[in-house]
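Trainee: I should like a close look at one part of this model, namely the metal site and the ligand beside that site. Please describe this part in one connected account.

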Amino acid sequence: MVKVAPSVLSADFTDLKNDIKDVEQGGAKWLHYDVMDGHFVPNISFGADILKQISKITDLYLDVHLMVSDPAFYADRFIAAGADLITFHIEAMDSVESIKALIDHLHEKGVKAGLSIKPGTKVDAIKNFLDDIDLVLVMSVEPGFGGQSFMSGSLDKIRALNEREHQYLIEVDGGINAETGKSCVEAGVDVLVAGSYVFNAEDRKERIASLL
Ligand code: DX5
Ligand code: ZN
């Protein structure tokens, strides 16, 4: 069963609680939380304090996507704030040891561990970690901003990840709508992140349903 993870980045921040309730009642099971540090990506979003407030008003599974240069430094703050899953970028890490250590640390703290690859990074780059992680996040846009167009090269990555023996979930992020979402599901994706497609619509329930 495919899951939809609406991305908070595209929510109305003057009415955040209602927007979150709206997607929860609209059939979403996950909430995607994009953390940007203005360094790993050229944009700044929000940090752990806002996640903590969100965790108090929703039962959605909190899917934290760290687009930061030093995920090991920040991970504990998001765990304390209620994250269920923390995904970090392979491109932010400088050694195999540091990647393994962060995956182990997340598991010791009782949260799931995800690894993400940018459009220019091959699946091969994470092959040594695939047996240890709970989720692979395939970026289908350059990370940093909502509302960009889907890059179809991500479909081959999803297929390759799906074809191997695996226990991890496959998630895709960027430019997802009914059409691109369908292609990703056919390629074997488990979780569709959707920001602008869900939040920029009047009827969020209808948009979520169109992805399932
Ligand atoms: C981009 C973020 C995405 C973003 C997706 O860096 O990781 O999660 O919110 O937004 P849409 O669905 O509008 O492409
Ligand atoms: Zn994201």
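**The zinc site and ligand 1**

Mentor: Both His-32 and Asp-34 are buried, that is, under 20% relative accessible area with a 1.4 Å probe and protein chains only. The model is predicted: local features need pLDDT of at least 70, side-chain atom pairs count only at pLDDT 80 or more, and totals for chains, interfaces and linings use all residues. Residues are numbered from 1 along each chain as its sequence is written, chains are lettered from A and ligands numbered from 1 in the order in which they are written, and side-chain values use heavy atoms, with hydrogens and water left out.

His-32 (NE2) and Asp-34 (OD), together with His-65 (ND1) and Asp-173 (OD), are the protein donors of the zinc ion (ligand 2), at 2.0 to 2.3 Å from the ion. Donors here are N, O and S atoms within 2.8 Å of the metal (3.2 Å for Na, K and Ca). Along the chain, the donors are spaced as H-x1-D-x30-H-x107-D.

Asp-34 and Asp-173 also belong to the residues that come nearest to ligand 1, as do Gly-144, Gly-195 and Ser-196, out of 20 residues around this ligand; such residues have a heavy atom within 4 Å. The zinc donor His-65 has a side-chain N or O atom 3.3 Å from an oxygen atom of ligand 1. Backbone atoms take part as well: a backbone N or O atom of Gly-144 lies 2.7 Å from a ligand 1 oxygen atom, and a polar backbone atom of Gly-147 is 2.8 Å from an oxygen atom of ligand 1. Polar contacts are pairs of N or O atoms within 3.5 Å.

Terms used: Buried means under 20% relative accessible area, exposed over 50%, partly exposed in between (1.4 Å probe, protein chains only).
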